[in-house]
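Trainee: Got a minute to go through a model with me? I have some short questions.
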Amino acid sequence: MEDDDKPVGRVLSRRRALAVFGAAGVTFTAVGTAVATNADAAATTPSCVAKPEMTEGPYFVDEGLNRSDLRVDTSDGSVVAGAKFHLVLHVLQLAGSQCKPLPGATVDIWHCDAAGVYSDIAVEGTTGKNYLRGYQVSNRRGIVKFTTILPGWYEGRTVHTHVKIRTTGTDGNAYEFTSQLYFTEQFKAAYLARAPYAAKGTPDTTNDTDMHYADIGDQMLLAPKRTRDGYEAAFAIALDLSDTAVGADDSFQTPGGPGGTPPTGTPPTAAPSA
């Protein structure tokens, strides 16, 4: 894992990006950022830059929950309290000088609740619970959509959401990309000051003092916007599927961490959605 946090990838020229996306109904700004012109893809702004990996950490549990709404704990039917958050991820594949949607990829996200607690972690006292965990399979446009809450915080880490993408590399082997998504200090300060987050107090770690954000976290920043029922954000993650080092197994390797020895399991399988 020591090399997995290294940023990788390349930026497509505006001409090449136009050639790749032009036939798919996508236009480009002067800086080469894709802006979708159809209703579904309009939720994201694809970027032709390979995104950096970050550590998986000890809190990943392969629940095998294929769902879009992560707020329900299926063990008792309860709904987690917190600000409603719609997250749309656009998964892209880098191939030479091309950048295109990646369908059929399994995309997991997981994060703590408003009090900073993860589900299904023995030392957190949440064994058997599965709130704020789940996966979707990217559709033909490379899009997955989740409904969750804005995450809280816990000691020693800035606010973050984990993401894992599992697919197949260009060499035919399993490819696994794991990283974390972040928020600006201004945005965090605003929502963490309201219930139910305010009961936790002020976070002890900012983005700049976080051990993982400091190197490459600014490349994984979300920009949520207010909606009628909460917030929404879209983010594009481009993968270089020929990079076998990044594509290697990202399982947390240190037993006895905050969550104990993490569980293992076969990645969930599902047919690509239309």
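Mentor: We can take a strand pair, then a loop residue, then the cysteines; keep in mind that this is a predicted model.

Trainee: Strand 11 to start with. Is that strand largely enclosed or not, and why?

Mentor: Strand 11 covers residues 174-181, and 7 of its 8 residues are buried, so the rest of the structure largely encloses it.

Trainee: Which way do strand 10 and strand 11 run, and how many bridges join them?

Mentor: They run antiparallel, with 8 bridges between strand 11 and strand 10, which is residues 161-168. As one position in that pairing, T167 sits opposite Y175 of strand 11.

Trainee: And what is between the two strands?

Mentor: A turn: the two strands form a hairpin with 5 residues between them. In that turn, G172 has a positive phi of about 90 degrees.

Trainee: Changing topic. Where is R71?

Mentor: R71 is in the loop that links strand 2 (34-36) and strand 3 (72-73).

Trainee: What does its side chain join in a polar contact?

Mentor: The side chain of D69, at 2.8 Å. Leaving aside residues up to four places away in sequence, R71 also touches a set of others, including S78, K84, Y131 and T148.

Trainee: Last one, cysteines. How many disulfides does the structure hold?

Mentor: It holds 0.

Trainee: Then C99 and C112: buried or exposed?

Mentor: C99 has 0% relative accessibility, so it counts as buried. C112 is buried as well, at a relative accessible area of 2%. The cut-off for buried is under 20%.

Note on methods. Residues numbered from 1 in each chain as written. Predicted model: local features only at pLDDT ≥ 70, side-chain atom pairs only at ≥ 80, totals over all residues. Heavy atoms only, no water. Buried < 20%, exposed > 50% of the residue type's maximum accessible area, 1.4 Å probe, protein only. Helix = DSSP H or I, 4+ residues; strand = E, 2+ residues; numbered from the N terminus. Pairing = 2+ DSSP bridges. Polar contact = N/O pair within 3.5 Å; in protein donor to acceptor, adjacent residues only side chain to side chain. Contact = heavy atoms within 4.5 Å. Disulfide = S-S within 2.5 Å.
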